[in-house]
Amino acid sequence: MSLRQFQVQQQSSGAVFEHPDENYPLASHFGSPEKEYQAARESAAVFDVSNRDQIEISGADRLKFLHNFCTNDIKGLQPDQGCEAFVTNVQSRILGQINVFSHEEAIWIDTAPGQSENITQHLDRYIILEDVRLLVRTQEFGSLYLSGPRATDILKQLDIEVDSLEVFQQLRVPNSDANLTVRRVDWFGQPGYLCCLQYVKIADFWNKLLEAGVVPAGRETFDALRIESLYPIYGVDLTDANLAQEASRTTQSISFKKGCYLGQEPIARIDALGHVNKEIRSIGLEGSWVPPAGTKVMVAGEAGTEEAGTITSSARSFGKYPIVAMAVLRKNAYAPGTSVDVIADDQQATGTVFTELD
């Protein structure tokens, strides 16, 4: 199965590709973003996320090695357990946002699109005598993300027994000719399963999900849902200019008990201080304008209106707010409930800061 063949397969389900020149084009929608959004909130929707990168780390020292270069506890992972973490530099600035899963003989990393080269180059610098091997598996393995209240039941219909999986546990499906691994990651605050499998078999699994009643959904809905759930994406909302605690993923991604690792000291100092000066937040906007990345966010204060941050991503939604956006906001504006103005040269919208929707 080639990328083009899978695109044709998705087009038969109504996929519209608005950015076909990307390295791995994602469908923007499947004809009705509203239907896709409602399916994801009320039943189940599936997203092609095969643009995400996959890295395999093998060797006897793999757990200890990765433990020394990211923010969460890797050495404590048992086979089929995982965690979310940041790869950081010595200043605790984010070099990568990763989901880590342990196998008996390897660690698998799921990360944001286009980030595998930077992460592997960074880690490779520190391999001296350690028994560690890094291998990018993105070209071989694709991923589908199944999310919604019925996601668990849908997989059980396909004889994939995931009902006992807790968040950040995985099931390597027995006798799968596609090497299918199903990973529980609730990115949208509801049951979510990242299904990683050999790309040559991805269309077959896609069709099985659709036949089971899952609604195919595109990038527009994915972005709306992740913004509403305050799930930033590295390379879009986060860069190496951000400190780890600015990502608003501290509870999920940072262990304060694991001991020394690269970037640990600044992270510990920030924790002792109690806050950072800016953080990722979501904003619910009124109106129909979808502000582009880089748009200014302003807030009224005692000294008048002052700039509070910038939009990093945005999307049309069909939930509580018609438009949602993510932004890096300064401390004067990042408290939930703060009223802000989003302003461009010829457009303006009023919004409310939130960390999760009611």
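**How do you know? A chat about cut-offs**

Q: Why is there no bond between the sulfur of Cys195 and the closest cysteine sulfur?
A: That closest sulfur belongs to Cys196 and is 9.2 Å away. A disulfide needs a pair of cysteine sulfur atoms within 2.5 Å, so 9.2 Å is too far for a bond. Before we go on: this is a predicted model, in which local features need pLDDT of at least 70 and side-chain atom pairs count only at pLDDT 80 or more, while totals for chains, interfaces and linings use all residues. Residues are numbered from 1 along each chain as its sequence is written, and side-chain values use heavy atoms, leaving out hydrogens and water.

Q: How many disulfides does a search of the whole structure find?
A: It finds 0. Take Cys83: the nearest cysteine sulfur, in Cys70, is 6.3 Å away, and Cys83 is in no disulfide.

Q: What makes Cys195 count as buried or exposed?
A: Its relative accessibility is 0%. Buried means under 20% relative accessible area, exposed means over 50%, and partly exposed is in between (1.4 Å probe, protein chains only). So Cys195 counts as buried, and Cys83, at 8%, is buried too.

Q: How do you know whether Asn207 is buried or exposed?
A: Neither word fits: at 23% relative accessibility, Asn207 counts as partly exposed. You'll find Asn207 in helix α6, residues 202–211. Helices (H or I, at least four residues) and strands (E, at least two) are DSSP runs, numbered from the N terminus.

Q: What does the side chain of Asn207 make with the side chain of Gln9?
A: A polar contact, at 3.1 Å. That name calls for a pair of N or O atoms within 3.5 Å; within protein, one must be able to donate a hydrogen and the other to accept it, and residues adjacent in sequence count only if both atoms are side-chain atoms.

Q: Why are the buried residues of α4 said to be on the same side?
A: In helix α4 (residues 116–124), Ser116, Ile119, Thr120, His122 and Leu123 are buried. They cover an arc of only 160° around the axis, which puts them on the same side of α4. The arc is that of the directions from the helix axis to the C-beta atoms. It helps to know that an α-helix has 3.6 residues a turn, so residues three or four places apart point the same way.

Q: What does Asn99 touch?
A: Leaving out residues up to four places away in sequence, its partners include Cys83, Trp108 and Tyr231. Contact means heavy atoms within 4.5 Å. Asn99 lies in strand β4 and is buried, with a relative accessible area of 2%.

Q: Where is the place of Thr71?
A: Look in the loop between α3 and β3. Thr71 is buried at 0% relative accessible area, and its side chain reaches the backbone oxygen of Ser253 at 2.6 Å.

Q: Why does the radius of gyration of the protein chain agree with that of a compact globule?
A: With 358 residues, a compact globule would have a value near 21 Å, and the protein chain has 20 Å, which agrees. The radius is taken over C-alpha atoms, and the globule rule is 2.2 Å times the number of residues to the power 0.38. Those C-alpha atoms fill a box of roughly 65 × 50 × 40 Å along the principal axes.
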